[in-house]
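This briefing takes a predicted model step by step, for a reader who is new to protein structures. Please keep the sequence and the 3D view side by side while reading.

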Amino acid sequence: MRNSRALALPLVLALAACHKRDDAAFAALQSRGQEAMGVDQYTSSHRFESLADGGRIELQRDMEDSLGVAQIRRHLQGIAMAFRAGRFDTPMFVHARSVPGTAVMTSHRDAITYTYRDLPRGGEVRITTRDSVAIAAIHEFLAFQRMDHHVGMR
(Lines give C-alpha, C1' and ligand atoms only; values in the text may rest on other atoms or scores of the structure.)
Protein backbone atom coordinates (compact mmCIF):
# COMPACT_ATOMS: atom_id res chain seq x y z
CA MET A 1 0.00 0.00 0.00
CA ARG A 2 2.84 2.32 0.84
CA ASN A 3 4.41 1.76 -2.60
CA SER A 4 1.11 2.48 -4.40
CA ARG A 5 0.82 5.83 -2.59
CA ALA A 6 4.43 6.63 -3.44
CA LEU A 7 3.68 5.91 -7.10
CA ALA A 8 0.34 7.76 -7.10
CA LEU A 9 1.76 11.20 -6.29
CA PRO A 10 4.16 11.36 -9.26
CA LEU A 11 1.35 10.13 -11.51
CA VAL A 12 -1.01 12.85 -10.24
CA LEU A 13 1.69 15.49 -10.71
CA ALA A 14 2.42 14.24 -14.24
CA LEU A 15 -1.30 14.34 -15.13
CA ALA A 16 -1.60 17.87 -13.71
CA ALA A 17 1.37 18.97 -15.82
CA CYS A 18 -0.27 17.46 -18.93
CA HIS A 19 -3.51 19.32 -18.22
CA LYS A 20 -1.63 22.61 -17.80
CA ARG A 21 0.20 21.99 -21.08
CA ASP A 22 -3.12 21.09 -22.78
CA ASP A 23 -4.77 24.23 -21.35
CA ALA A 24 -1.89 26.39 -22.59
CA ALA A 25 -1.99 24.75 -26.03
CA PHE A 26 -5.76 25.28 -26.27
CA ALA A 27 -5.42 28.93 -25.20
CA ALA A 28 -2.77 29.42 -27.91
CA LEU A 29 -5.06 27.75 -30.48
CA GLN A 30 -7.91 30.06 -29.44
CA SER A 31 -5.63 33.10 -29.73
CA ARG A 32 -4.44 32.12 -33.21
CA GLY A 33 -8.07 31.42 -34.14
CA GLN A 34 -9.10 34.91 -33.08
CA GLU A 35 -6.24 36.36 -35.13
CA ALA A 36 -7.22 34.33 -38.22
CA MET A 37 -11.00 34.69 -37.92
CA GLY A 38 -11.30 38.11 -36.38
CA VAL A 39 -13.69 37.11 -33.57
CA ASP A 40 -13.30 35.93 -29.99
CA GLN A 41 -13.19 32.14 -30.10
CA TYR A 42 -14.51 31.82 -26.53
CA THR A 43 -17.75 33.64 -27.46
CA SER A 44 -18.23 31.90 -30.81
CA SER A 45 -19.29 28.34 -31.56
CA HIS A 46 -17.73 26.01 -34.09
CA ARG A 47 -19.41 22.94 -35.49
CA PHE A 48 -17.65 20.41 -37.72
CA GLU A 49 -20.14 17.87 -39.04
CA SER A 50 -19.24 14.83 -41.13
CA LEU A 51 -21.93 13.92 -43.67
CA ALA A 52 -22.30 11.07 -46.16
CA ASP A 53 -21.27 13.32 -49.06
CA GLY A 54 -18.63 15.36 -47.20
CA GLY A 55 -19.45 17.67 -44.32
CA ARG A 56 -19.91 21.18 -43.06
CA ILE A 57 -18.04 23.80 -41.07
CA GLU A 58 -20.19 26.21 -39.07
CA LEU A 59 -19.09 29.24 -37.09
CA GLN A 60 -21.56 31.47 -35.26
CA ARG A 61 -21.42 34.13 -32.57
CA ASP A 62 -22.98 33.12 -29.24
CA MET A 63 -24.57 36.57 -28.86
CA GLU A 64 -26.01 39.37 -30.95
CA ASP A 65 -22.98 41.02 -32.53
CA SER A 66 -23.48 42.41 -36.02
CA LEU A 67 -19.79 43.27 -36.48
CA GLY A 68 -18.71 39.80 -35.35
CA VAL A 69 -21.29 38.14 -37.60
CA ALA A 70 -20.06 40.16 -40.59
CA GLN A 71 -16.46 39.19 -39.77
CA ILE A 72 -17.35 35.49 -39.54
CA ARG A 73 -19.13 35.67 -42.88
CA ARG A 74 -16.13 37.30 -44.58
CA HIS A 75 -13.82 34.75 -43.00
CA LEU A 76 -15.88 31.73 -44.09
CA GLN A 77 -16.34 33.09 -47.61
CA GLY A 78 -12.56 33.42 -47.80
CA ILE A 79 -12.13 29.90 -46.41
CA ALA A 80 -14.43 28.49 -49.12
CA MET A 81 -12.39 30.26 -51.82
CA ALA A 82 -9.04 29.18 -50.34
CA PHE A 83 -10.10 25.55 -49.89
CA ARG A 84 -11.48 25.52 -53.45
CA ALA A 85 -7.97 26.48 -54.61
CA GLY A 86 -6.40 23.77 -52.42
CA ARG A 87 -5.00 26.28 -49.91
CA PHE A 88 -5.30 25.25 -46.25
CA ASP A 89 -2.84 27.72 -44.74
CA THR A 90 -5.43 29.23 -42.34
CA PRO A 91 -6.17 25.92 -40.56
CA MET A 92 -2.44 25.18 -40.51
CA PHE A 93 -1.78 28.58 -38.92
CA VAL A 94 -4.58 28.18 -36.35
CA HIS A 95 -3.50 24.66 -35.37
CA ALA A 96 0.24 25.40 -35.72
CA ARG A 97 0.80 22.15 -37.60
CA SER A 98 -0.13 20.18 -40.65
CA VAL A 99 -3.85 19.38 -40.57
CA PRO A 100 -4.92 15.79 -41.33
CA GLY A 101 -6.88 15.31 -44.54
CA THR A 102 -5.73 18.49 -46.25
CA ALA A 103 -3.13 16.88 -48.51
CA VAL A 104 -5.78 14.62 -50.05
CA MET A 105 -8.32 17.45 -50.13
CA THR A 106 -5.76 19.48 -52.08
CA SER A 107 -4.95 16.71 -54.54
CA HIS A 108 -8.68 16.00 -55.06
CA ARG A 109 -9.78 19.65 -55.10
CA ASP A 110 -11.37 19.37 -58.56
CA ALA A 111 -13.75 16.72 -57.18
CA ILE A 112 -14.81 18.75 -54.12
CA THR A 113 -17.33 21.61 -53.98
CA TYR A 114 -17.20 24.25 -51.24
CA THR A 115 -20.41 26.27 -50.84
CA TYR A 116 -20.78 29.16 -48.41
CA ARG A 117 -24.12 30.25 -46.90
CA ASP A 118 -25.17 32.74 -44.23
CA LEU A 119 -26.54 31.53 -40.89
CA PRO A 120 -28.34 33.78 -38.37
CA ARG A 121 -25.19 34.61 -36.37
CA GLY A 122 -22.46 33.63 -38.81
CA GLY A 123 -22.15 31.17 -41.64
CA GLU A 124 -21.23 27.74 -42.88
CA VAL A 125 -19.14 26.12 -45.55
CA ARG A 126 -20.73 22.98 -46.98
CA ILE A 127 -18.19 20.54 -48.42
CA THR A 128 -19.51 18.00 -50.94
CA THR A 129 -18.08 15.35 -53.23
CA ARG A 130 -18.84 11.96 -54.76
CA ASP A 131 -15.17 10.93 -54.51
CA SER A 132 -14.85 8.30 -51.75
CA VAL A 133 -11.16 9.09 -51.15
CA ALA A 134 -11.99 12.80 -50.76
CA ILE A 135 -14.90 11.97 -48.41
CA ALA A 136 -12.54 10.01 -46.15
CA ALA A 137 -10.09 12.95 -46.13
CA ILE A 138 -12.89 15.45 -45.40
CA HIS A 139 -14.06 13.30 -42.48
CA GLU A 140 -10.48 13.08 -41.19
CA PHE A 141 -10.14 16.88 -41.46
CA LEU A 142 -13.44 17.49 -39.64
CA ALA A 143 -12.70 14.94 -36.89
CA PHE A 144 -9.35 16.66 -36.26
CA GLN A 145 -11.09 20.04 -36.10
CA ARG A 146 -13.67 18.74 -33.59
CA MET A 147 -10.92 17.32 -31.39
CA ASP A 148 -8.57 20.30 -31.51
CA HIS A 149 -11.34 22.90 -31.03
CA HIS A 150 -12.84 20.79 -28.21
CA VAL A 151 -16.30 20.67 -29.80
CA GLY A 152 -18.74 17.84 -30.20
CA MET A 153 -21.62 17.52 -32.59
CA ARG A 154 -23.77 20.18 -30.90
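His75 counts as buried in this predicted model, because its relative accessible area is 12% and the cut-off for buried is under 20%. His75 belongs to helix H2, and the points below begin with that helix before they turn to the aromatic rings, to helix H5 and to the strands.

**His75 and helix H2**

- When neighbours within four places in sequence are left aside, the residues in contact with His75 are Ala36, Met37, Leu59 and Thr90.
- Helix H2 covers residues 66-84, and with 19 residues at 1.5 Å a residue it should span 27 Å, which agrees with the 27 Å that separates its end C-alpha atoms.
- The buried residues of H2 are Gly68, Val69, Ile72, His75, Leu76, Ile79, Ala80, Ala82 and Phe83.
- Looking down the axis of H2, one finds these buried residues within an arc of 165°, so they line one face of the helix.
- It helps to recall that an α-helix has 3.6 residues a turn, so residues three or four places apart point the same way.
- On the face of H2 that is turned away from the buried side there are exposed residues, namely Ser66, Leu67, Arg74 and Met81.
- Just after H2 comes Gly86, which takes a positive phi of about 80°.

**Aromatic pairs around Phe83**

- The model has 4 aromatic pairs, and one of them joins Phe83 to Tyr114 in an edge-to-face arrangement, with 5.8 Å centre to centre and 75° between the planes.
- Since Phe83 lies in helix H2 and Tyr114 in strand S3, this pair ties together parts that are 31 residues apart in sequence, and both Phe83 and Tyr114 are buried.
- Phe83 also forms an edge-to-face pair with Phe141, at 5.8 Å centre to centre and with 85° between the planes.
- Because Phe83 lies in helix H2 and Phe141 in helix H5, that pair ties together parts that are 58 residues apart in sequence, and both Phe83 and Phe141 are buried.
- Ring pairs link Phe83, Phe88, Tyr114 and Phe141 into a cluster.

**Helix H5**

- Helix H5, which covers residues 132-148, has 17 residues and reaches 24 Å from its first C-alpha to its last, close to the 24 Å expected at 1.5 Å a residue.
- The buried residues of H5 include Ala134, Ile135, Ala137, Ile138 and Phe141, and the charged-group names Arg146 and Asp148 appear in the list as well.
- At the start of H5, a side-chain oxygen of Asp131 comes to within 2.9 Å of the backbone nitrogen of Val133.
- Just after H5, His150 takes a positive phi of about 60°.

**Strand S4 and its partners**

- Strand S4, made of residues 122-129, is mostly covered, since 6 of its 8 residues are buried.
- Strand S2 (residues 54-61) pairs with S4 in the antiparallel sense over 7 bridges, and within this pairing Gly54 stands opposite Thr128.
- Strand S3 (residues 112-119) also runs antiparallel to S4, and 8 bridges join the two, with Thr113 having Thr128 as its bridge partner.
- S3 and S4 form a hairpin, with 2 residues between them.

Note on methods. Residues are numbered from 1 along each chain as its sequence is written. This is a predicted model: local features need pLDDT of at least 70, side-chain atom pairs count only at pLDDT 80 or more; totals for chains, interfaces and linings use all residues. Side-chain values use heavy atoms; hydrogens and water are left out. Buried means under 20% relative accessible area, exposed over 50%, partly exposed in between (1.4 Å probe, protein chains only). Helices (H or I, at least four residues) and strands (E, at least two) are DSSP runs, numbered from the N terminus. Two strands pair if DSSP finds at least two bridges between them. Rings of Phe, Tyr and Trp (its six-membered ring) pair if their centres lie within 6.5 Å; planes under 30 degrees apart count as stacked, over 60 as edge-to-face and the rest as tilted. The expected span of a helix is 1.5 Å times one less than its number of residues. The arc is that of the directions from the helix axis to the C-beta atoms. Contact means heavy atoms within 4.5 Å. A polar contact is a pair of N or O atoms within 3.5 Å; within protein, one must be able to donate a hydrogen and the other to accept it, and residues adjacent in sequence count only if both atoms are side-chain atoms.
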